[in-house]
Each structure stands twice: as structure tokens, then as C-alpha cells.
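Me: I'd like a close look at one part of this model, taken slowly, please. Start with a single pairing and work outwards from there.
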Amino acid sequence: MFKDATTEEINNVMENAWNAFHQYRKMPLKKRADFMRAIGEELRKNEEELVHSAMNETNLPEVRLKGELARTIFQLNQYGDAAESGEWLEARIDTAIPDKKPPKQDIRKMLIPLGPVVVFGSSNFPFAYSTAGGDTACAFAAGCPVIVKAHPAHAGTSEKVASAILKAANEQKMPKGIFAHIHGAGFEVGKALVMHDRTAAVGFTGSLGGGKQLFDWGNQRKVPIPVFSEMGSINPVFLLPEKLKSSSEEMARTYAGSITQGVGQFCTNPGLIIGIEGDDLQKFIAELGKEIENVVPAKMLHPGIAKAFDEKKDKALQQENVKTISVSKTAKKENEGTPTVATASGKDFLNNPVLHQEVFGPYSLVIRCKDINEMTNVAKKLEGQLTATLMATDNDFLSNEELVEAVKNICGRFILNGVPTGVEVCLSMQHGGPFPATTDSRFTSVGADGIKRFARPLAYQNWENKLLPDELKNENPLGIWRTVNNELTREKIQ
């Protein structure tokens with residue numbers, strides 16, 4: 001239905017974006033924010049059409065998609081507000097001290113936009129992590145034009161969202177080239193976008209293979225660029241002894257819901273649960289199995305994801321000493337994901353890298369450790385994760401410092417007595433973790449701090465006040481928070 005972009009089309013799009021960058025970056029913060037709010041309003045006005053388009057392409061239910069679209073609009077408004085507030089700019093001012101020997105120079109620093117950002121839409125979130133999603137919102141807030149490569153799994157929906165963005169851009173009198181939308185089912189289009197001289201940064205949400213390839217291309221360029229790839233996670237959950245004894249069956253019911261929520265198609269799905277062998281863990285396993293049996297299979301996003309789920313799940317279950325705990329009692333239909341949980345010993349897990357791999361869908365593996373030391377070793381052997389969870393009493397926590405520190409080292413969000421599914425859009429959210437969860441654990445892709453991914457610091461030394469950007473002028477015409485001579489303030493510099 002949609003043709004892959006040609007080399008000529010990609011060149012035109014990138015040159016237009018480069019030209020737009022030099023205009024957009026000079027626009028006031030409020031103008032950027034108004035543009036983002038206008039996009040949100042266009043999405044709101046077209047909610048019915050967008051939701052039904054996504055339903056037809058992704059098999060996701062209406063209620064889920066309406067919630068996701070509302071979140072997308074919220075992100076645009078929240079990041080727009082953050083852009084206008086100027087706090088993300090990290091404005092720093094150290095005024096001159098001429099009488100000091102040697103004299104102290106006047107130095108002022110702030111973040112400035114990188115340039116055109118290429119965003120790759122994700123398969124499992126057609127709104128919130130795709131065409132007008134978090135990466136796009138953050139790039140616009142930072143002052144960067146955006147080029148989106150639509151995900152083939154919901155290309156039609158992406159096209160409709162792109163139309164809303166372009167309409168908002170026109171109404172807000174944004175420069176031509178501020179946004180572009182292209183298609184590409186093969187890797188050639190993606191490679192051409194990443195390798196293009198005008199591309200300044202990349203945002204991606206998807207598989208490890210896809211994200212790592214984009215990252216490698218970004219670093220193979222004559223001038224390397226940052227590639228912010230979120231690539232999945234198994235989100236380990238550690239069941240500590242006292243907590244397990246006090247609420248094993250309740251935890252099992254809670255986690256059955258988390259494992260199967262949205263047919264397990266979340267990057268924060270709890271794919272690994274680790275406990276210590278004993279009666280309490282067996283109670284947990286038995287209750288978890290009963291709950292999973294009663295969950296009815298549902299259609300996955302598209303046939304490719306359903307096929308990959310079955311293949312990876314079957315590969316995991318075929319490993320030596322892996323035992324299936326439970327599967328849904330309802331027979332699955334075409335492209336549906338069957339809820340499944342299995343178990344293995346801590347020793348077998350430590351010795352089998354296959355069991356460490358993500359199975360994207362309604363699946364989780366329960367690891368039975370012989371003692372707390374083996375549990376700690378499991379934590380130390382795990383790769384980087386978006387999240388990690390401790391189910392623990394205060395005493396569990398205080399008595400197992402080595403485990404706590406080991407878990408802290410592997411995750412971006414550390415949860416106590418909760419579930420990892422559900423990612424709040426707020427300033428304190430960290431949605432990113434050590435590799436291979438993401439390619440740069442210093443940044444988040446959710447929350448307004450994500451704006452900083454698409455900006456870099458620039459220091460101005462000995463500039464006349466009238467020549468400085470408004471953000472750094474003595475009179476602080478924007479009224480933003482700045483650190484002046486080591487003091488956070490909104491006051492003018494006298």
C-alpha cells in the first residue's frame with residue numbers, strides 16, 4: 001500500500017529538515033510549546049478515526065488504544081510545558097570577577113538542539129511510542145525537526161497521525177521541513193536515514209537486533225551520532241523469603257495479571273521471577289499456574305510477533321530441565337498468544353544463556369534458587385534491564401544488602417512491592433537501563449527529562465549581554481530557573 005522512500009526522497013526530506021532546523025531552533029520556547037499543544041489538539045479531534053485505524057492494523061482493543069492516544073496527547077502537552085519552562089535547558093551562569101588573579105571570565109552555559117532527529121515507530125505502541133510519541137515530542141521540545149519512519153505494522157495509522165502533525169505545523173506557521181513522514185519495509189530506508197549527513201540523532205523503540213543495528217550504523221558514520229535505542233527487557237522480579245511467606249498466593253495472582261496484561265506485549269513485562277526453593281515458593285508457583293490456566297489467549301499485534309512469540313517460547317521450553325508450570329486451558333486461535341509459565345533451577349538458569357533471552361508475549365519463567373547466595377549470583381549474571389523488582393519486607397531488604405546492590409546495578413527503574421507494567425509519564429520516571437535494555441542508560445525515553453537526549457551543552461564566554469540568547473541574559477526575560485554563581489534562582493543579575 002505504501003511505497004518505500006527512494007534515495008532522492010530521503011535526500012529531499014533531510015535537506016528540508018536541515019533548513020527548517022536553522023529557523024525552528026531560534027523560535028521562542030513558547031512557540032515550540034504551542035506547536036506541540038496544537039498537535040495534541042489535532043489528535044484529540046481525530047480520535048475516533050485514529051483509534052479505529054489502529055484497531056484494524058494492530059488487533060489492540062478500543063479501550064487500550066483510547067487510553068494510549070490520551071497518553072500521547074498528555075505527553076505532547078507535558079513536554080510542551082516543560083519546553084516552555086526552560087528548566088531542561090540547565091542554564092548555568094558564572095559571572096566575571098575581573099579583580100581575581102588571574103581574572104575570572106564570564107561563562108554561561110545552556111543546552112541547545114542537536115539538529116534533525118530520525119524516529120523509528122514501535123510495533124506495540126502505535127501512538128505513544130510512534131509517530132507523535134515520546135521521541136517526537138522530546139525532539140520538538142528540544143528544538144529539533146523530526147523525520148519519522150513509519151512502522152510497517154501500522155503504516156496507515158502512522159500516516160493519519162502524520163497528517164495531524166503536518167496540519168498543526170501549518171496552522172502554527174512552522175518552517176517547511178519541520179516534520180516528515182516516510183515508509184520503508186526493508187532495512188535500506190532505515191540505514192539511509194541513520195547514515196545521512198543531515199541526521200543528528202536517532203530515537204528507536206523495538207527489538208535488540210533492530211536497535212543494535214541502528215546504533216552500529218550511527219557509530220560507523222564519518223561523524224558518529226547518538227542513537228537512543230530502547231531494546232526490550234525481561235524485568236526480573238525477586239521474591240524475598242519473608243515477603244513470600246506472608247503473601248505468596250496474593251503475589252501470584254498479582255503477577256499473573258501483570259504477565260498477561262496486553263497479551264504480554266509490553267517492554268516492562270515481568271519475564272523472570274526468582275525465588276528460593278521451599279514450600280512458600282511452591283505455593284506461589286501453584287497459585288500462579290492456576291491463574292494462568294484461566295487466562296484466555298488473545299490476538300497479538302500482528303502475525304510476525306505471534307510467530308516470534310511461539311518460536312522463542314518453544315525454544316525456552318525445550319531447554320534441558322525447564323518444566324512447564326501451566327498454560328491457558330483455552331485453545332488458541334490463529335495469531336493468538338497462549339499464556340504460559342515455566343520453571344527452572346537457579347543452577348540451570350546460570351548455565352544456560354538461552355533462558356536469559358526475552359520472550360515477548362504472555363510468558364514468564366520462575367527460577368528456583370537453593371539459597372540467597374544463588375539468588376544474588378543470578379542477579380549478578382543478568383544483563384541490563386529497564387526494570388527490576390524486589391518483593392520484600394523491610395527486614396528482607398535490610399538483611400540482603402549484597403542482593404540489593406547487585407539488582408541496582410542492572411536496572412533503570414527499581415521497584416519495591418509492585419509490578420513493572422505501567423510506565424507513569426512524569427519527570428521522575430526513568431525509562432531506560434544498562435545495555436542491552438537501552439544504548440545509553442544515562443537517559444530516559446519517558447518523562448520530560450527525555451528532551452535532553454536531543455540537545456548538547458554550549459558555553460558562552462565573555463559575551464556582551466545584548467548578544468546572548470534570552471535564556472542567558474542578565475535580565476532573564478523568560479523568567480526561567482537558572483543557576484547563577486552556584487545559586488538556583490529566577491532573579492535578574494544586577
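In β14, which residue is the bridge partner of Ala344?

Reply: It's Ile367: in β14, that residue is the bridge partner of Ala344. Before we go on, note that this is a predicted model, where local features need pLDDT of at least 70 and side-chain atom pairs count only at pLDDT 80 or more, while totals for chains, interfaces and linings use all residues. Residues are numbered from 1 along each chain as its sequence is written, and side-chain values use heavy atoms, leaving out hydrogens and water.

Now back to the strand that holds Ala344. β13 covers residues 340–345 and β14 covers residues 363–369. (Strands are DSSP runs of E, at least two residues long, and helices are runs of H or I, at least four long, all numbered from the N terminus.) β13 and β14 run parallel, joined by six bridges. To count as a pair, two strands need at least two bridges found by DSSP. Next to β13 there is also β11, and here the pairing is antiparallel, over four bridges. If you want a spot to look at, find Ser326, which stands opposite Val341 in β13.

Is β13 open to the outside or enclosed? Six of its six residues are buried, so β13 is largely enclosed by the rest of the structure. Here "buried" means under 20% relative accessible area, "exposed" means over 50%, and "partly exposed" is in between, using a 1.4 Å probe and protein chains only. In a regular strand, side chains alternate between the two faces of the sheet. In β13 both faces are covered: Thr340, Ala342 and Ala344 are buried on one side, and Val341, Thr343 and Ser345 are buried on the other.

Zoom out and you'll see the sheet that β13 belongs to. Seven strands make up this open sheet, in the order β11-β13-β14-β9-β8-β15-β16, with mixed pairing. At the edges sit β11 (323–327) and β16, each of which pairs on one side only. From one strand to the next, the twist averages 20°. Helix α11 (residues 303–317) packs on the sheet, where it touches β11, β13 and β14. The direction of α11 makes about 20° with that of β14. (Axes are lines fitted to C-alpha atoms, for helices over the stretch in contact, and angles run from 0 to 180 degrees between N-to-C directions.)

Let's walk along to the other part of the sheet. β8 and β15 run parallel and are joined by three bridges. There, Phe238 stands opposite Leu390 in β15. Phe238 is a good residue to click on: leaving out residues up to four places away in sequence, it touches Ile274, Met375, Ala379, Leu382, Thr389, Leu390, Met391, Leu403 and Val407. (A contact means heavy atoms within 4.5 Å.)

Two of those neighbours, Leu403 and Val407, bring us to a helix. α15 spans residues 401–408, and Leu403, Val404, Ala406 and Val407 are buried in it. They cover an arc of only 165° around the axis, which puts them on the same side of α15. That arc is taken from the directions from the helix axis to the C-beta atoms. The buried residues of α15 pack against β8 (236–239), α13 (372–381), β15 (385–391), α14 (394–399) and β16 (411–416).

One last step out, to the nonpolar core. That's a set of buried Ala, Val, Leu, Ile, Met, Phe, Trp, Tyr and Cys residues joined through side-chain atoms within 4.5 Å. The largest one here has 104 residues, and those touching the most other members are Phe35, Leu43, Trp88, Phe140, Phe238, Leu365 and Phe454. Helix α4 (residues 62–85) gives the largest share, seven residues. Why does this core lie between the two domains? Domain 1 (7–231 + 440–456) and domain 2 (236–416) both give residues to it, so it lies between them. The bounds come from an automatic or database domain assignment. Apart from this core lies another one, of 19 residues, including Ala5, Ile147, Ile225 and Val227. As for the domains themselves, their C-alpha centres lie 33 Å apart. The contact takes twelve residues from domain 1 and eleven residues from domain 2.
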